[in-house]
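Look at the model below. Then work through some short questions about how its labels are earned.

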Amino acid sequence: MEVLYHSTRSSEVSVKASEAILKGLSEDGGLFVPDHIPALDKSLRELAGMTYQQVAYEVMKLYLTDFTEDELKTCIARAYDAKFDTAEIAPLREAGGAYYLELFHGSTIAFKDMALSILPHLMIASAKKNHIKNEIVILTATSGDTGKAALAGFAGVEGTKIIVFYPKNGVSPIQEKQMVTQKGDNTLVVGIHGNFDDAQTGVKKIFSDKEFEKELDERGFQFSSANSINIGRLVPQICYYVYAYAQLLAKGEIQDKEQINVVVPTGNFGNILAAFYARNMGLPIHKLICASNENKVLYDFFRQGTYDRNREFVLTSSPSMDILISSNLERLIYRIAGEDAEKNRRLMAELNERGVYGISEEMRAGLSDFYGNYAKEAETFAEIKRLYDECGYVIDTHTAVASAVYRKYLAETKDSKKTVIASTASPFKFTRSVMNAIDGKYDAMGDFELVDELSKLSGVKVPNAIEEIRTAPVLHDKQCDVDKMKDTVREFLNL
Ligand SMILES: *Cc1c(COP(=O)(O)O)cnc(C)c1O
């Protein structure tokens with residue numbers, strides 16, 4: 001059955017999957033949502049006998065219904081290949097009474113790779129399908145992680161170029177090194193003289209410049225976005241929850257139809273929304289446990305039914321979760337509003353104008369599958385140390401937030417169901433925080449010294465992503481002022 005995509009803000013819009021991927025965002029500012037959530041059409045037993053790539057196909061074919069079997073399988077094969085350092089792609093690791101679903105085995109060692117390694121291929125296939133002759137130019141503003149994962153995904157992909165703007169003095173040294181050493185003639189990395197908001201605003205301005213769009217079109221280019229609201233990122237994320245369940249079944253850790261819990265360290269609400277979709281496809285998930293750091297907007301929302309971004313922004317050791325507006329939550333709001341686009345649009349307008357909205361009791365009832373909690377910095381560090389001391393397993397700060405929240409859930413509910421915790425980054429990406437959590441003595445060491453210490457301590461080989469940047473030459477040294485971003489794009493495209 002064909003799945004079409006509607007906007008969360010108007011009932012007029014209806015596009016095919018490939019069009020939704022190319023557009024990214026609906027013109028009314030809404031997010032694309034499937035007109036229904038398809039049910040899995042293979043039994044979980046059958047899926048238990050499949051590879052990651054095969055499971056990915058079985059899930060994605062149900063959503064991306066205007067792609068042929070051959071197109072989808074080609075995209076999957078190109079995405080989930082030797083770029084990943086394990087054939088399992090997303091292995092499960094049992095430790096301390098939970099299963100950690102390691103989503104960081106791709107080229108930039110964060111879970112963003114799971115979707116960004118396939119998005120470029122989906123985009124190219126979508127462009128072909130819609131007879132788009134233009135070269136696709138991806139514009140991205142990044143505060144660190146997304147930029148590198150998008151660069152790695154789009155580098156060398158024919159028919160695309162990618163330009164990443166980052167705040168010159170606003171990312172960590174490792175993150176900057178990862179970006180400026182990026183290979184590929186179709187890539188450009190630019191440090192801007194401003195902060196992340198300046199970069200983001202600058203990119204949005206270029207996107208909405210109609211005259212520039214026309215000029216680009218005449219020269220054979222068009223812009224697109226690799227932002228996490230693109231359904232081309234959401235759909236690939238559903239696959240690993242199905243795969244995780246299938247693996248538990250295959251290993252005899254659970255019985256047929258046994259319910260599990262899923263814990264997700266949450267920022268923009270994309271990853272946990274994918275788990276919610278998996279649940280609605282028929283995956284036996286009991287609770288979706290939403291873990292926040294000290295920026296606990298979502299925790300307050302689940303407890304009180306009010307979303308309020310009017311609060312202080314806290315910088316934490318889990319920076320990819322330092323977010324006050326979780327964009328993908330809109331898709332859940334739309335659903336619990338009974339797929340009433342007008343109702344959702346009004347709530348989003350309130351958020352935009354006053355920074356706050358409340359939901360009705362009736363809508364709150366739709367949140368019963370979720371449990372929200374948060375971890376303070378000290379609790380996060382204590383969880384890293386506890387797990388290392390008890391099991392010798394080292395997790396990163398984001399995963400530790402999820403793990404600490406799971407402890408709270410256990411204490412509160414005594415629910416003994418088997419639980420999968422989404423492990424979203426390698427500890428090697430946040431080495432300093434992780435090593436400090438284990439022992440204060442490490443603080444005096446240099447960044448790469450710490451990397452080697454972590455490797456010794458955890459018994460895990462230093463990932464390629466880190467080895468590479470130790471010695472890699474800097475290939476990008478471009479900087480520009482905020483008001484020169486458009487000129488920089490022009491220059492790169494030889495306009
Ligand atoms: C992006 C990110 C998150 C948050 O995921 P969302 O889909 O935005 O909720 C958590 N952990 C890490 C390491 C990330 O990079």
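**Ligand and pocket**

In this predicted model, a backbone N or O atom of F269 lies 3.0 Å from an oxygen atom of the ligand.

Q: What makes the pair formed by a backbone N or O atom of F269 and an oxygen atom of the ligand a polar contact?
A: The cut-off for N or O pairs is within 3.5 Å. The F269 pair lies at 3.0 Å, so the pair counts as a polar contact.

Q: How do you know that N271 makes a polar contact with the ligand?
A: A backbone N or O atom of N271 lies 2.9 Å from an oxygen atom of the ligand. That is within 3.5 Å, so the label fits.

Q: How much of the ligand does the protein bury?
A: Alone, the ligand exposes 380 Å². The protein buries 96% of that.

Q: Which residues come nearest to the ligand?
A: They are K112, G267, N268, N271 and T424, out of 15 residues around the ligand.

Q: Why is G267 counted among the polar residues of the shell?
A: The shell divides into 5 nonpolar, 8 polar and 2 charged residues. Gly counts as polar by definition, so G267 goes in that group.

Q: Which residues are closest to the centre of the second largest pocket, and what is its volume?
A: The volume is about 950 Å³. K83, G106, S107, N464 and A465 are closest to the centre, among 39 lining residues.

Q: Why does K83 count as charged in that lining?
A: Lys is on the charged list, so K83 is charged. The lining has 18 nonpolar, 12 polar and 9 charged residues.

How values were computed: Residues are numbered from 1 along each chain as its sequence is written. This is a predicted model: local features need pLDDT of at least 70, side-chain atom pairs count only at pLDDT 80 or more; totals for chains, interfaces and linings use all residues. Side-chain values use heavy atoms; hydrogens and water are left out. On a 1 Å grid over the protein atoms alone, a cavity is a set of points where a 1.4 Å probe fits but cannot get out, and a pocket is an open set with protein on both sides within 12 Å along at least five of seven lines; lining residues have an atom within 4 Å of a point. Grid points are joined across faces, edges and corners, and a volume is the space filled by probe spheres set on the points. A residue is near a molecule or strand if one of its heavy atoms lies within 4 Å of it. A polar contact is a pair of N or O atoms within 3.5 Å; within protein, one must be able to donate a hydrogen and the other to accept it, and residues adjacent in sequence count only if both atoms are side-chain atoms. Accessible areas come from the Shrake-Rupley method with a 1.4 Å probe; for residues, only the protein chains shown count as cover.
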